Amino acid sequence: MKDILTPRERFGMLVIDEKPDRCPVIPLITSHAATVSGIKLKRYYTNGEKMAKAQIIAYELYQHDAISIFSEVGIIAEAMGSEFYYPDNDLPILKNPALKNNLNDKIIIPNPKRSGRLPVYLEAIKYAYKAIGDIVPILAYVPAPFTTGMHLLPPEKFLIDTLKNPEEIKIILDAVFEATIKFCFEIINAGALPVIVDPLASGSVISPAVYKEIALGYEQRLIDYLHRYDFDVILHICGDTTPIIENLLNTNADLISLDRVNMIKAMERLSNKMRLIGNFDTGALLLLEPEEIYRTTGIMVEQLKFAHKGYIASTGCEVPIKAKTDNVLAFIKSAKEKGWYWV
(Lines give C-alpha, C1' and ligand atoms only; values in the text may rest on other atoms or scores of the structure.)
Protein backbone atom coordinates (compact mmCIF):
# COMPACT_ATOMS: atom_id res chain seq x y z
CA MET A 1 0.00 0.00 0.00
CA LYS A 2 1.15 3.52 -0.71
CA ASP A 3 2.15 5.70 2.24
CA ILE A 4 -0.42 8.33 3.19
CA LEU A 5 1.61 10.29 5.76
CA THR A 6 5.09 11.77 5.58
CA PRO A 7 7.66 10.32 8.02
CA ARG A 8 7.36 13.43 10.18
CA GLU A 9 3.55 13.22 10.27
CA ARG A 10 3.77 9.51 11.06
CA PHE A 11 6.16 10.04 13.97
CA GLY A 12 4.02 12.94 15.20
CA MET A 13 0.91 10.76 15.38
CA LEU A 14 2.77 8.00 17.18
CA VAL A 15 3.87 10.29 20.01
CA ILE A 16 0.35 11.61 20.61
CA ASP A 17 -0.98 8.05 20.92
CA GLU A 18 -2.80 8.04 17.58
CA LYS A 19 -2.43 5.21 15.09
CA PRO A 20 -0.56 6.41 11.99
CA ASP A 21 -1.12 4.85 8.55
CA ARG A 22 1.51 2.23 9.41
CA CYS A 23 4.14 1.77 12.09
CA PRO A 24 7.23 3.93 11.51
CA VAL A 25 10.20 2.00 10.13
CA ILE A 26 13.49 3.33 11.47
CA PRO A 27 16.42 0.91 11.21
CA LEU A 28 19.44 2.39 12.97
CA ILE A 29 21.23 3.52 9.81
CA THR A 30 24.21 5.43 11.18
CA SER A 31 27.72 4.87 9.76
CA HIS A 32 26.23 2.47 7.20
CA ALA A 33 25.24 5.67 5.39
CA ALA A 34 28.92 6.18 4.53
CA THR A 35 28.93 2.86 2.68
CA VAL A 36 25.73 3.75 0.83
CA SER A 37 27.12 7.11 -0.26
CA GLY A 38 30.55 5.76 -1.18
CA ILE A 39 32.70 7.88 1.15
CA LYS A 40 35.39 6.82 3.60
CA LEU A 41 34.23 6.47 7.17
CA LYS A 42 36.81 9.00 8.34
CA ARG A 43 35.27 11.63 6.07
CA TYR A 44 31.82 10.73 7.36
CA TYR A 45 32.62 11.31 11.03
CA THR A 46 34.92 14.32 10.63
CA ASN A 47 32.89 16.45 8.18
CA GLY A 48 29.37 17.53 9.07
CA GLU A 49 28.27 18.26 5.52
CA LYS A 50 29.55 14.86 4.35
CA MET A 51 27.74 13.15 7.22
CA ALA A 52 24.47 14.91 6.37
CA LYS A 53 24.78 14.21 2.64
CA ALA A 54 25.49 10.53 3.35
CA GLN A 55 22.39 10.31 5.54
CA ILE A 56 20.27 12.01 2.86
CA ILE A 57 21.56 9.64 0.16
CA ALA A 58 20.70 6.69 2.41
CA TYR A 59 17.23 8.14 2.99
CA GLU A 60 16.66 8.59 -0.75
CA LEU A 61 17.60 4.95 -1.30
CA TYR A 62 15.81 3.33 1.62
CA GLN A 63 12.84 5.69 2.25
CA HIS A 64 12.88 4.94 5.97
CA ASP A 65 11.15 7.18 8.49
CA ALA A 66 13.98 9.14 10.16
CA ILE A 67 17.66 9.82 9.63
CA SER A 68 20.25 9.20 12.35
CA ILE A 69 23.12 11.63 12.95
CA PHE A 70 25.70 9.48 14.70
CA SER A 71 28.99 7.68 14.34
CA GLU A 72 30.14 6.44 17.77
CA VAL A 73 29.66 6.95 21.50
CA GLY A 74 33.02 8.54 22.32
CA ILE A 75 32.14 11.97 20.97
CA ILE A 76 31.45 13.78 24.27
CA ALA A 77 34.44 12.14 26.01
CA GLU A 78 36.62 13.35 23.14
CA ALA A 79 35.33 16.89 23.58
CA MET A 80 36.18 16.55 27.29
CA GLY A 81 39.80 15.69 26.52
CA SER A 82 40.05 11.99 25.65
CA GLU A 83 42.17 11.29 22.56
CA PHE A 84 40.93 9.07 19.74
CA TYR A 85 42.69 7.54 16.75
CA TYR A 86 40.91 7.99 13.40
CA PRO A 87 41.41 5.04 11.01
CA ASP A 88 40.51 5.80 7.38
CA ASN A 89 37.96 3.01 7.13
CA ASP A 90 36.88 2.37 10.67
CA LEU A 91 35.29 4.25 13.54
CA PRO A 92 37.40 6.25 16.03
CA ILE A 93 39.31 4.20 18.59
CA LEU A 94 39.99 5.38 22.15
CA LYS A 95 43.72 6.11 22.45
CA ASN A 96 44.25 8.08 25.67
CA PRO A 97 41.42 8.62 28.17
CA ALA A 98 41.32 12.16 29.56
CA LEU A 99 41.43 11.04 33.18
CA LYS A 100 44.11 8.78 34.60
CA ASN A 101 43.61 9.23 38.34
CA ASN A 102 39.97 10.10 38.79
CA LEU A 103 39.56 13.37 40.67
CA ASN A 104 43.25 14.29 40.57
CA ASP A 105 42.79 15.18 36.89
CA LYS A 106 40.99 18.28 35.68
CA ILE A 107 37.58 17.70 34.11
CA ILE A 108 36.79 19.92 31.12
CA ILE A 109 33.23 21.00 30.34
CA PRO A 110 33.32 21.43 26.54
CA ASN A 111 31.75 24.09 24.38
CA PRO A 112 29.57 22.17 21.87
CA LYS A 113 30.21 24.79 19.20
CA ARG A 114 34.00 24.47 19.39
CA SER A 115 35.15 21.31 21.19
CA GLY A 116 36.22 18.11 19.46
CA ARG A 117 33.81 16.82 16.82
CA LEU A 118 30.66 18.13 18.51
CA PRO A 119 30.51 20.91 15.85
CA VAL A 120 30.62 18.19 13.16
CA TYR A 121 27.37 16.77 14.49
CA LEU A 122 25.78 20.21 14.79
CA GLU A 123 26.76 21.08 11.21
CA ALA A 124 25.31 17.77 9.99
CA ILE A 125 22.02 18.41 11.81
CA LYS A 126 21.70 21.95 10.41
CA TYR A 127 22.41 20.76 6.85
CA ALA A 128 19.98 17.82 7.08
CA TYR A 129 17.26 19.87 8.73
CA LYS A 130 17.46 22.50 6.00
CA ALA A 131 17.38 19.83 3.28
CA ILE A 132 14.67 17.42 4.46
CA GLY A 133 13.66 18.40 8.01
CA ASP A 134 10.17 19.43 6.91
CA ILE A 135 9.27 15.83 6.02
CA VAL A 136 11.72 13.59 7.92
CA PRO A 137 12.56 13.57 11.65
CA ILE A 138 16.25 14.27 12.29
CA LEU A 139 17.48 12.07 15.15
CA ALA A 140 20.82 12.81 16.83
CA TYR A 141 22.22 10.12 19.09
CA VAL A 142 23.76 11.34 22.35
CA PRO A 143 25.73 9.04 24.66
CA ALA A 144 24.36 8.97 28.21
CA PRO A 145 26.74 9.97 31.03
CA PHE A 146 27.59 6.38 32.06
CA THR A 147 28.70 5.45 28.53
CA THR A 148 30.70 8.68 28.16
CA GLY A 149 32.31 8.08 31.57
CA MET A 150 33.75 4.79 30.36
CA HIS A 151 35.60 6.77 27.66
CA LEU A 152 37.03 9.28 30.13
CA LEU A 153 38.88 6.75 32.31
CA PRO A 154 40.60 3.54 31.24
CA PRO A 155 37.51 1.30 30.83
CA GLU A 156 38.77 -1.38 33.24
CA LYS A 157 39.45 1.22 35.94
CA PHE A 158 36.04 2.82 35.36
CA LEU A 159 34.26 -0.51 35.85
CA ILE A 160 36.29 -1.40 38.94
CA ASP A 161 35.66 2.02 40.46
CA THR A 162 31.90 1.66 39.99
CA LEU A 163 32.28 -1.00 42.70
CA LYS A 164 35.16 0.36 44.82
CA ASN A 165 34.75 4.12 44.47
CA PRO A 166 31.19 4.78 43.32
CA GLU A 167 31.06 8.25 44.87
CA GLU A 168 34.10 9.38 42.86
CA ILE A 169 32.53 7.95 39.69
CA LYS A 170 29.37 9.93 40.42
CA ILE A 171 31.38 13.16 40.76
CA ILE A 172 32.86 12.51 37.30
CA LEU A 173 29.45 11.66 35.87
CA ASP A 174 27.97 14.85 37.34
CA ALA A 175 30.44 16.77 35.15
CA VAL A 176 29.58 14.57 32.17
CA PHE A 177 25.91 15.29 32.78
CA GLU A 178 26.59 19.02 32.58
CA ALA A 179 28.50 18.53 29.30
CA THR A 180 25.72 16.35 27.90
CA ILE A 181 22.89 18.79 28.53
CA LYS A 182 24.88 21.59 26.89
CA PHE A 183 25.29 19.39 23.80
CA CYS A 184 21.59 18.43 23.83
CA PHE A 185 20.61 22.10 24.00
CA GLU A 186 22.59 22.86 20.83
CA ILE A 187 21.22 19.75 19.08
CA ILE A 188 17.66 20.94 19.71
CA ASN A 189 18.56 24.43 18.55
CA ALA A 190 19.97 22.97 15.33
CA GLY A 191 16.74 21.09 14.59
CA ALA A 192 17.18 17.50 15.78
CA LEU A 193 15.62 15.29 18.41
CA PRO A 194 18.24 13.98 20.88
CA VAL A 195 18.13 10.19 21.29
CA ILE A 196 19.84 8.97 24.45
CA VAL A 197 22.07 5.94 23.89
CA ASP A 198 23.63 4.02 26.78
CA PRO A 199 25.13 0.83 25.31
CA LEU A 200 27.70 0.40 28.07
CA ALA A 201 24.95 0.35 30.70
CA SER A 202 23.67 -2.86 29.13
CA GLY A 203 23.25 -6.07 31.09
CA SER A 204 25.90 -7.41 28.71
CA VAL A 205 28.46 -5.08 30.38
CA ILE A 206 27.42 -4.29 33.97
CA SER A 207 25.40 -5.92 36.70
CA PRO A 208 21.80 -4.91 37.47
CA ALA A 209 23.07 -3.53 40.81
CA VAL A 210 25.56 -1.15 39.14
CA TYR A 211 22.93 -0.13 36.62
CA LYS A 212 20.47 0.71 39.39
CA GLU A 213 23.07 2.38 41.63
CA ILE A 214 24.80 4.53 38.99
CA ALA A 215 23.68 4.45 35.34
CA LEU A 216 19.91 4.62 35.89
CA GLY A 217 20.04 7.85 37.86
CA TYR A 218 21.88 9.69 35.10
CA GLU A 219 19.48 8.40 32.45
CA GLN A 220 16.59 9.66 34.59
CA ARG A 221 18.15 13.10 35.12
CA LEU A 222 18.94 13.52 31.44
CA ILE A 223 15.50 12.42 30.27
CA ASP A 224 13.78 14.62 32.88
CA TYR A 225 15.90 17.54 31.69
CA LEU A 226 14.84 16.93 28.06
CA HIS A 227 11.17 16.73 29.03
CA ARG A 228 11.28 20.46 29.81
CA TYR A 229 11.36 20.96 26.00
CA ASP A 230 8.03 19.13 25.77
CA PHE A 231 8.99 16.30 23.43
CA ASP A 232 9.05 12.55 23.85
CA VAL A 233 12.45 11.07 24.63
CA ILE A 234 13.92 7.91 23.12
CA LEU A 235 16.35 5.75 25.14
CA HIS A 236 18.40 3.09 23.35
CA ILE A 237 20.40 0.43 25.21
CA CYS A 238 22.24 -2.22 23.19
CA GLY A 239 22.93 -5.77 24.21
CA ASP A 240 20.94 -7.84 26.67
CA THR A 241 18.68 -5.68 28.86
CA THR A 242 16.70 -8.60 30.25
CA PRO A 243 18.30 -8.30 33.73
CA ILE A 244 17.29 -4.62 34.02
CA ILE A 245 13.97 -4.68 32.22
CA GLU A 246 11.94 -3.75 35.31
CA ASN A 247 14.20 -0.76 35.94
CA LEU A 248 13.65 0.53 32.41
CA LEU A 249 10.21 1.64 33.54
CA ASN A 250 11.96 4.01 35.97
CA THR A 251 14.06 5.76 33.32
CA ASN A 252 11.07 8.00 32.42
CA ALA A 253 11.80 7.44 28.71
CA ASP A 254 8.78 7.69 26.42
CA LEU A 255 10.18 5.32 23.79
CA ILE A 256 12.55 2.45 24.54
CA SER A 257 14.81 0.95 21.87
CA LEU A 258 15.88 -2.61 22.71
CA ASP A 259 18.35 -5.09 21.29
CA ARG A 260 18.83 -8.62 22.60
CA VAL A 261 15.65 -9.23 24.58
CA ASN A 262 12.50 -11.26 24.15
CA MET A 263 10.31 -8.52 22.70
CA ILE A 264 7.06 -10.33 23.49
CA LYS A 265 7.97 -10.31 27.17
CA ALA A 266 9.24 -6.73 26.86
CA MET A 267 5.88 -5.76 25.35
CA GLU A 268 4.08 -7.36 28.29
CA ARG A 269 6.20 -5.51 30.85
CA LEU A 270 6.77 -2.12 29.20
CA SER A 271 4.24 -1.25 26.53
CA ASN A 272 1.58 0.21 28.82
CA LYS A 273 4.01 3.01 29.66
CA MET A 274 6.56 3.12 26.82
CA ARG A 275 6.49 2.87 23.04
CA LEU A 276 8.68 0.02 21.84
CA ILE A 277 11.45 0.17 19.22
CA GLY A 278 13.28 -2.84 17.88
CA ASN A 279 14.70 -5.33 17.58
CA PHE A 280 15.72 -7.14 14.38
CA ASP A 281 19.02 -9.02 14.78
CA THR A 282 21.74 -6.98 13.05
CA GLY A 283 23.85 -10.10 12.60
CA ALA A 284 21.04 -11.60 10.57
CA LEU A 285 20.84 -8.39 8.56
CA LEU A 286 24.47 -8.88 7.66
CA LEU A 287 24.44 -12.60 6.95
CA LEU A 288 21.00 -13.74 5.74
CA GLU A 289 19.63 -13.54 2.24
CA PRO A 290 16.98 -10.89 1.44
CA GLU A 291 14.15 -13.44 1.19
CA GLU A 292 14.78 -14.70 4.74
CA ILE A 293 15.14 -11.15 6.08
CA TYR A 294 11.81 -10.23 4.46
CA ARG A 295 10.11 -13.25 6.04
CA THR A 296 11.46 -12.88 9.58
CA THR A 297 10.95 -9.11 9.63
CA GLY A 298 7.30 -9.65 8.75
CA ILE A 299 6.83 -12.08 11.64
CA MET A 300 8.45 -9.59 14.06
CA VAL A 301 6.31 -6.64 12.96
CA GLU A 302 3.04 -8.57 13.04
CA GLN A 303 3.80 -9.65 16.62
CA LEU A 304 4.71 -6.16 17.87
CA LYS A 305 2.83 -3.53 15.88
CA PHE A 306 -0.14 -3.54 18.26
CA ALA A 307 1.95 -2.82 21.36
CA HIS A 308 -0.31 -0.73 23.59
CA LYS A 309 1.59 2.61 23.40
CA GLY A 310 2.87 2.09 19.87
CA TYR A 311 5.74 0.51 18.01
CA ILE A 312 8.60 1.46 15.68
CA ALA A 313 10.02 -1.33 13.52
CA SER A 314 13.78 -1.15 13.86
CA THR A 315 17.01 -3.03 14.19
CA GLY A 316 18.24 -3.98 17.66
CA CYS A 317 21.43 -2.02 17.13
CA GLU A 318 23.15 -0.14 14.31
CA VAL A 319 22.83 -1.51 10.79
CA PRO A 320 26.25 -3.06 10.08
CA ILE A 321 28.49 -0.72 8.12
CA LYS A 322 28.99 -3.27 5.33
CA ALA A 323 25.43 -4.65 5.24
CA LYS A 324 24.16 -5.26 1.72
CA THR A 325 21.68 -2.68 0.53
CA ASP A 326 19.38 -5.43 -0.74
CA ASN A 327 19.19 -6.79 2.81
CA VAL A 328 18.28 -3.41 4.29
CA LEU A 329 15.73 -2.86 1.54
CA ALA A 330 14.17 -6.26 2.31
CA PHE A 331 13.84 -5.32 5.99
CA ILE A 332 12.20 -1.98 5.18
CA LYS A 333 9.86 -3.38 2.51
CA SER A 334 8.60 -6.12 4.82
CA ALA A 335 8.20 -3.80 7.83
CA LYS A 336 6.20 -1.31 5.78
CA GLU A 337 3.92 -3.96 4.29
CA LYS A 338 3.27 -5.81 7.55
CA GLY A 339 3.10 -2.67 9.71
CA TRP A 340 -0.01 -1.23 8.08
CA TYR A 341 -2.86 -0.08 10.40
CA TRP A 342 -5.30 1.75 8.14
CA VAL A 343 -7.40 -0.37 5.79
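Modeller: A helix crossing is right-handed if the near helix is turned clockwise from the far one by less than a right angle, and left-handed if it is turned anticlockwise. This is a predicted model, in which local features need pLDDT of at least 70 and side-chain atom pairs count only at pLDDT 80 or more, while totals for chains, interfaces and linings use all residues. Residues are numbered from 1 along each chain as its sequence is written, and side-chain values use heavy atoms, with hydrogens and water left out.

Biologist: Is the crossing in which helix 6 passes helix 9 right-handed or left-handed?

Modeller: The axes of these two helices (DSSP runs of H or I, at least four residues, numbered from the N terminus) come within 9 Å and cross at roughly 20°, where axes are lines fitted to C-alpha atoms over the stretch in contact and angles run from 0 to 180 degrees between N-to-C directions. Among the residues that meet (heavy atoms within 4.5 Å) are Leu122 and Ile125 of helix 6 and Phe183 and Ile187 of helix 9. As helix 6 passes helix 9, the crossing is right-handed.

Biologist: Is helix 4 roughly parallel or oblique to helix 6?

Modeller: The residues that meet include Ala52 and Ile56 in helix 4, together with Ala124 and Ala128 in helix 6. Helix 4 (residues 48–62) packs on helix 6 (residues 118–132) with the axes 7 Å apart and an angle of about 40°. Because angles under 35 degrees count as roughly parallel, over 145 as roughly antiparallel, 65 to 115 as roughly perpendicular and the rest as oblique, helix 4 is, relative to helix 6, oblique.

Biologist: Which strands are the edge strands of the open sheet?

Modeller: The open sheet has seven strands (DSSP runs of E, at least two residues) in the order 1-4-5-6-7-8-9, with parallel pairing, two strands being paired if DSSP finds at least two bridges between them. The strands that pair on one side only, and that therefore form the edges by the pairing rule, are strand 1 (67–69) and strand 9 (311–315).

Biologist: What residue in strand 6 is the bridge partner of Ile196?

Modeller: Strand 5 runs parallel to strand 4 (residues 138–143), to which five bridges join it, and one of the pairs there is Leu139 with Leu193. Three bridges join strand 5 to strand 6 (residues 234–236), again in parallel. In strand 6, Val197 has His236 as its bridge partner, whereas the partner of Ile196 is Leu235.

Biologist: How many residues of strand 5 are buried?

Modeller: Both faces of strand 5 (residues 193–197) are covered, with Leu193, Val195 and Val197 on one side and Pro194 and Ile196 on the other. Buried means under 20% relative accessible area, exposed over 50% and partly exposed in between, with a 1.4 Å probe and protein chains only. Of the five residues in the strand, the number buried is five.

Biologist: Is Thr30 buried or exposed?

Modeller: Thr30 lies in the loop between helix 1 (7–14) and helix 2 (32–37). Leaving aside residues up to four places away in sequence, Thr30 touches Tyr44, Gln55, Ser68, Phe70, Tyr141 and Glu318. Its relative accessibility is 1%, so Thr30 counts as buried.
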